[in-house]
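Here is a guided walk through one protein chain, from its inner spaces out to its overall form. Keep the viewer open and follow along.

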Amino acid sequence: MEKRAPKFIETVQTIIKSGYDVDYVSDRYLLSDDVTRRYATIIVPDVRFMPAATLRRLLSIAEQGGQVMFVRSFPVSVPGYGKAVEQQEFLTLIQELQSKASFHPEQAMSIRWGQGSIVTSPDYAAGLQFSSARREPMRTEQGLSCIRRSNPEGYHYFVSNLQGRDIDTYVTLGVKAKQVVFYNPMNGQIDLAKTDEQGRVRLQLKSGESVILRTFTDGTLVQLKPHKYLNPKNESAMQLVDWTLSFKESAPVKITQTYSVKGSPKPWTELGDSVLNATMATGVYKTIFNFPKKQPNTAYILDLGDVRETAHVLVNGTDAGMLFAVPFRLDITDYLVDGKNTLEVAVANLPANRIAQLDRDGVEWRNFKEINVVDLNYKNTLYDKWKPVPSGLNSPVRIIPCKVE
């Protein structure tokens with residue numbers, strides 16, 4: 001889309017980065033009453049052509065109390081040819097609009113239009129200052145991504161840290177809340193978020209991490225344990241070395257060999273065995289290590305680093321959890337014991353290496369007739385030229401002690 005419709009995508013990203021949610025609506029949808037109920041501002045990009053019915057509806061929305069924003073210019077004509085009657089109506093409406101509103105080259109302007117308003121602006125950010133929509137400061141101040149939806153008791157947020165840095169700060173929400181609850185979608189944990197005197201909520205998100213927030217605005221407050229905020233002591237991290245790798249599942253052949261990996265774990269595609277380069281499998285990395293006595297008020301976080309692609313963690317034979325997205329980190333405090341410990345990480349890879357080998361061998365593996373496995377040009381394609389993609393644990397594994405705040 002950035003290549004095929006660059007101005008459109010730039011528009012959408014600009015609005016989002018200004019802190020607002022945005023939907024795309026059609027001319028037909030603008031004619032429905034739902035528009036005025038759902039949206040605080042209707043934004044008209046820098047377009048040349050517009051049906052007269054659309055312009056009439058936009059002015060009606062403003063007349064009835066809504067807000068319509070035109071960016072950079074007004075439209076100049078209706079689309080198509082041979083529409084003299086529609087063009088005349090359009091010119092009458094646009095002349096009325098131009099007689100009351102105009103564009104300033106450096107600043108946005110808002111004028112009263114019936115019970116609502118018309119905004120003219122040289123760009124999107126300047127015009128949005130007049131919108132009554134609730135801006136989310138976390139987008140502009142912390143670079144976070146979020147979706148907000150209302151519910152009878154308050155709001156739900158889905159917040160993601162889709163940037164190359166971690167976040168640990170107090171965040172201002174676009175809505176007021178008496179209480180904020182965290183829902184961790186990775187492990188099902190529910191606990192109470194910390195808020196300050198200004199009503200801001202403390203968010204602690206690693207790069208790539210997400211969380212669900214629920215705000216409560218009425219007098220009914222929930223009783224939950226407070227969320228554990230962690231202050232990592234990276235200088236005291238324990239790096240786990242000397243692993244074995246065996247396979248509980250593998251295709252096309254059953255792999256019975258156990259591999260020894262000195263130092264940090266490696267992907268099984270880097271162990272020098274050509275069979276492993278064409279394998280779709282679940283490999284079990286295992287290490288035994290001595291752990292010192294656990295310290296009070298300290299959580300111990302297992303950091304698997306780069307995992308290709310999912311990891312099922314067992315500590316001392318006990319299921320500690322499943323990880324399938326970054327960051328591949330897990331609190332294993334309750335599973336560690338003083339002294340000797342065993343860690344097993346069952347990693348499943350993607351079928352890409354297996355598919356590539358099937359195409360190299362000329363095996364007909366596609367069991368469907370429709371064309372739904374294609375290349376970028378929507379042509380039938382083979383994957384025999386694919387190089388092996390890393391599979392397994394792809395970086396050092398550490399246990400990081402963290403002070404619980």
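## The enclosed cavity

A search of the whole structure, which is a predicted model, turns up 1 cavity of 30 Å³ or more. Its volume is about 40 Å³. If you would like to find the spot in your viewer, select Asn277, Ala352, Asn353, Ala356, Arg360, Trp386, Lys387, Pro388 and Val389, which line the largest cavity. Sorted by class, that lining holds 5 nonpolar, 2 polar and 2 charged residues.

## Helix H8

Some names from the cavity return here. Ala352, Asn353 and Ala356, which help to line the cavity, are also among the buried residues of helix H8. Helix H8 spans residues 352-360 and is mostly covered, with 7 of its 9 residues buried. Besides those three, the buried set includes Arg354, Ile355, Leu358 and Asp359.

What lies over these buried residues? The cover includes strand S14 (243-251) and strand S16 (280-291). Just after H8, have a look at the backbone of glycine 362, where phi is positive at about 75°.

## The largest pocket

Now to the open spaces. The largest pocket has a volume of about 1,700 Å³, and 47 residues line it. To centre your view, pick Asp21, Val22, Asp23, Tyr24 and Ile43, the lining residues that lie nearest the pocket's centre. By class, the lining of this pocket has 26 nonpolar, 8 polar and 13 charged residues.

Which elements each supply at least two residues of this lining? They are helix H1 (6-17), helix H2 (27-30), helix H3 (34-38), strand S1 (42-44), helix H4 (52-63) and strand S5 (145-151). H1 gives the most to the lining, with 8 residues.

## The second largest pocket

The second largest pocket holds about 1,200 Å³ of space. Of its 41 lining residues, Asn184, Asn187, Glu209, Leu230 and Asp331 are the closest to the centre. Strand S20 (residues 318-323) gives the most to this lining, with 4 residues. In terms of class, the lining of the second largest pocket divides into 21 nonpolar, 10 polar and 10 charged residues.

## Three residues to visit

Let us start with leucine 97, which sits in helix H5 (residues 84-100). Is leucine 97 buried or exposed? Leucine 97 counts as buried because its relative accessible area is 0%. Setting aside neighbours within four places in sequence, leucine 97 is in contact with Leu59, Phe70, Phe74, Trp113 and Ile118. For a sense of scale, try a distance from leucine 97 to glutamine 295: their C-alpha atoms are separated by 71 Å, and the two are 198 residues apart along the chain.

Lysine 248 belongs to strand S14, one of the strands that cover the buried residues of H8. Lysine 248 itself is exposed, because its relative accessible area is 53% and exposed means over 50%. Leaving out neighbours within four places in sequence, its contacts are Thr282 and Val284. Between lysine 248 and threonine 140 there are 47 Å in space, C-alpha to C-alpha, for a separation of 108 residues in sequence. Threonine 342, in strand S22 (residues 339-348), counts as buried because its relative accessibility is 19%, and the cut-off for buried is under 20%. Not counting residues up to four places away in sequence, threonine 342 touches Lys286, Thr287, Ile288, Leu314, Val315 and Asn316.

## The chain as a whole

Zoom out, and the secondary structure of the chain comes to 8 helices and 24 strands. How does the chain sit beside a compact globule of 405 residues, and what radius of gyration does it have? Such a globule would have a radius of gyration near 22 Å, while the chain has 29 Å. Taken along the principal axes, the C-alpha atoms fill a box of roughly 80 × 60 × 35 Å.

Buried residues account for 40% of the 405 residues. The accessible surface of the chain is about 22,800 Å², and 51% of that belongs to carbon and sulfur atoms. Among contacts between residues at least 6 apart in sequence, 70% join residues at least 24 apart.

Terms used
Residues numbered from 1 in each chain as written. Predicted model: local features only at pLDDT ≥ 70, side-chain atom pairs only at ≥ 80, totals over all residues. Heavy atoms only, no water. Buried < 20%, exposed > 50% of the residue type's maximum accessible area, 1.4 Å probe, protein only. Contact = heavy atoms within 4.5 Å. 1 Å grid on protein atoms, 1.4 Å probe; cavity = no way out; pocket = protein on both sides within 12 Å on 5 of 7 lines; lining within 4 Å. Points joined across faces, edges and corners; volume = space filled by probe spheres on them. Nonpolar A, V, L, I, M, F, W, Y, C, P; charged D, E, K, R; others polar. Rg over C-alpha atoms; globule rule 2.2 N^0.38 Å. Areas by Shrake-Rupley, 256 points an atom, 1.4 Å probe, with all protein chains shown as cover.
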